[in-house]
Amino acid sequence: SSSHNTTKTMDEPDEYEQRIIKTGCAKENDELQLCFADKKDWRLCQKELNKFKECWKLYQNNNK
């Protein structure tokens, strides 16, 4: 049963969100997620996806 998940509040960032926030690309990720929620098709969100990938690459390079 998944009842143990109910103790977690909705506004508490989960591990995935924490990792995204740490990448420095939270804004790009939000735009990508919103696009997908709206369009229901990743192919229609290439612009957002590319922005996120570019941000991710830059951030990973800066952290080496």
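**Exercise 1. Is lysine 40 buried or exposed?**

*Solution.* The model examined here is a predicted one. Step one is to take the relative accessible area of lysine 40, which is 61%. Step two is to compare that value with the cut-off: a residue is called exposed when its relative accessible area is over 50%. Lysine 40 is therefore exposed. Step three places the residue in the chain: lysine 40 belongs to the loop between H2 and H3. Step four turns to the backbone, where lysine 40 shows a positive phi of about 60° although it is not a glycine. Most residues other than glycine have a negative phi.

**Exercise 2. Describe the overall make-up of the chain.**

*Solution.* Begin with secondary structure: the chain contains 3 helices and 0 strands. Along the sequence this gives the pattern α-α-α. Helix H1 covers 15–23, helix H2 covers residues 26–39, and helix H3 covers residues 46–62. Next consider burial: of the 64 residues in the chain, 20% are buried. The exposed surface of the chain is about 5,400 Å², and carbon and sulfur atoms supply 55% of this area. Finally, take the contacts between residues at least 6 apart in sequence; 35% of them join residues at least 24 apart.

**Exercise 3. How many salt bridges does the chain have, and which residues form a network of them?**

*Solution.* The count is 5 salt bridges. The network links Lys27, Glu31 and Lys51.

Consider one pair within it. Lysine 51 and glutamate 31 form a salt bridge whose closest N and O atoms are 3.2 Å apart. Lysine 51 lies in helix H3 and glutamate 31 in helix H2, so this pair ties together parts that are 20 residues apart in sequence. As for accessibility, lysine 51 has a relative accessible area of 41% and is partly exposed. Glutamate 31, at 28%, is likewise classed as partly exposed.

**Exercise 4. Analyse the salt bridges of glutamate 54 and of aspartate 38.**

*Solution.* First, the side chain of glutamate 54 meets that of lysine 57 in a salt bridge, with an N to O distance of 3.2 Å. Both residues are in helix H3 and stand 3 residues apart, so about one helical turn separates them. Glutamate 54 is partly exposed at 45% relative accessible area, and lysine 57 is partly exposed at 47%.

Second, aspartate 38 forms a salt bridge with lysine 39, and here the closest N and O atoms are 3.7 Å apart. Aspartate 38 counts as exposed, with 60% relative accessibility, whereas lysine 39 is partly exposed at 40%.

**Exercise 5. Which side chain of opposite charge is nearest to glutamate 28, and what does glutamate 28 touch?**

*Solution.* Locate the residue first: glutamate 28 is part of helix H2. The nearest side chain of opposite charge is that of lysine 27, 4.3 Å away. A salt bridge requires a side-chain nitrogen of Lys or Arg within 4 Å of a carboxyl oxygen of Asp or Glu. Glutamate 28 is buried yet has no salt bridge. Leaving aside residues up to four places away in sequence, glutamate 28 touches Lys51, Phe52 and Cys55.

**Exercise 6. Which residues gather in a patch of negative charge on the surface?**

*Solution.* The patch brings together Asp14, Glu15, Glu17 and Asp30. Take aspartate 14 as the example. Its place is in the segment before helix H1. Its relative accessibility is 31%, which makes aspartate 14 partly exposed. Patch members need over 30% relative accessible area, so aspartate 14 meets that cut-off.

**Exercise 7. Relate leucine 49 and lysine 47 to leucine 32.**

*Solution.* Leucine 49 is found in helix H3, and so is lysine 47. Leucine 49 has 19% relative accessibility; because buried means under 20%, leucine 49 counts as buried. Lysine 47, at 60% relative accessibility, counts as exposed.

Now consider distances between C-alpha atoms. Leucine 49 and leucine 32 are 17 residues apart along the chain, and their C-alpha atoms are separated by 6.0 Å. For lysine 47 and leucine 32, which are 15 residues apart along the chain, the C-alpha separation is 8.6 Å.

Methods: Residues numbered from 1 in each chain as written. Predicted model: local features only at pLDDT ≥ 70, side-chain atom pairs only at ≥ 80, totals over all residues. Heavy atoms only, no water. Patch = residues over 30% accessible without salt bridge, like charges linked within 9 Å, V, L, I, M, F, W, Y side chains within 5 Å. Areas by Shrake-Rupley, 256 points an atom, 1.4 Å probe, with all protein chains shown as cover. Lys, Arg positive; Asp, Glu negative; His and termini not counted. Charge placed at Lys NZ, Arg CZ, Asp CG, Glu CD. Helix = DSSP H or I, 4+ residues; strand = E, 2+ residues; numbered from the N terminus. Buried < 20%, exposed > 50% of the residue type's maximum accessible area, 1.4 Å probe, protein only. Contact = heavy atoms within 4.5 Å.
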